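Biologist: Please take a close look at the pockets here. I would like to know what lines them.

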Amino acid sequence: MSIDIRKQLIKALSDADGEFLSGQTLAEKIGCSRTAIWKHIEELRKDGFILEAVRNKGYKIINTPEDLTESDILFGLETERFGRNIHFYESVESTQKVAHQLAHEGAPEGTIVVSEEQRTGRGRLGRSWSSLPKKGVWMSMIVRPVLPPQKAPQFTLITAVAAANAIGEVTGLHPEIKWPNDILINGKKVVGILTELQAEADKISSLVIGIGINANHDVEDLHESIQGKATSLYIEKRKKISRAQLIQTFLKDFEKYYGIYLDKGFAPIKLLWETYAISIGKVITARTVTGEIVGRALGITDEGVLKVEDEHGTIHEVYSADIEL
Ligand code: BTN
């Protein structure tokens, strides 16, 4: 089955805004036979799409499935580049690992890797990331900015702003960001972001940005050891979340903020980030690889680095740490 026809078919049906499209119109639009259209419609149905077919009128999409598929992500996707090239899996070790390999092979900017499950999901600072099947969004994106490697940490903050915004849009909940990359709801972590860099001398060759969103977990799906500090959108909202809608909204927001960043620099992103930030102005403990810094978080620099003032008035610039409030 040609992926290309399938993608174009989903796009045509979604652009039709609930109007019927005949097999003939679809075949002409896509440039294939009516038999091919019919076969692809059957495939979409097998993937859980609900499609209405009426004689003499044609087809229209009624509903997308609850399980996540590549088609769900494409149906209704509003971006130009991000998410247009999807590598979708039922189970992988880590979407980061797959995305690094694709980046190495030259995959274009905007490529995403999504899996229903990760067997060995990776967290920051060498930790593992629990990624139960069908419960969350486990996704990595390839970004190729023409910038020096020092700019990479800013992308964690762009991603955090896009994720916080998308969660607000989709659920109506009010997420907050804990520097640099944790998104919390009611004080508990719901999203983790992992930015990994491949660089040549003085320029970024690719960034692989991993995002994990706990979407439809029940309390018992979260390991006992983290129940006090982690949550899911479902636990907070008491309503199942469409993971496809969450991915689409996140990709739309990320593409928008990335565009703003390329056009106008980091300043507007920093402003947005600060509207979500909870650590700023508070006394925090920053655990870095070289030790602990206790002090007031003053804000972030234009590079996205956290400034902490200790009790002696010394200002520390923190590049990577675990923050305790
Ligand atoms: C953190 O420690 O807070 C970062 C967690 C990042 C998890 C995501 S899930 C998709 C991608 N693949 C991984 O193995 N990790 C990231």
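Modeller: What follows covers the two pockets in turn. This is a predicted model, in which local features need pLDDT of at least 70, side-chain atom pairs count only at pLDDT 80 or more, and totals for chains, interfaces and linings use all residues. Residues are numbered from 1 along each chain as its sequence is written, and side-chain values use heavy atoms, without hydrogens or water.

A pocket is an open set of points on a 1 Å grid over the protein atoms alone, where a 1.4 Å probe fits, with protein on both sides within 12 Å along at least five of seven lines; lining residues have an atom within 4 Å of a point. The largest pocket holds about 1,000 Å³ (space filled by probe spheres set on the points). Its lining has 45 residues, and Arg-127, Trp-129, Asp-182, Lys-189 and Ile-226 are the closest to its centre. Strand 8 (188-200) is among the elements that supply at least two residues. Strand 8 gives the largest share, seven residues. Strands are DSSP runs of E, at least two residues; helices are runs of H or I, at least four. The lining of the largest pocket has 17 nonpolar, 16 polar and 12 charged residues.

The second largest pocket has a volume of about 350 Å³. Its lining counts 21 residues, with Arg-124, Pro-153, Thr-156, Thr-195 and Tyr-319 nearest its centre. Strand 8 gives the most here too, with five residues. Helix 6 (152-171) also supplies at least two. The second largest pocket lies between domain 2 (70-276) and domain 3 (283-324), because both give residues to its lining. Those bounds come from an automatic or database domain assignment.

How values were computed. Nonpolar A, V, L, I, M, F, W, Y, C, P; charged D, E, K, R; others polar.
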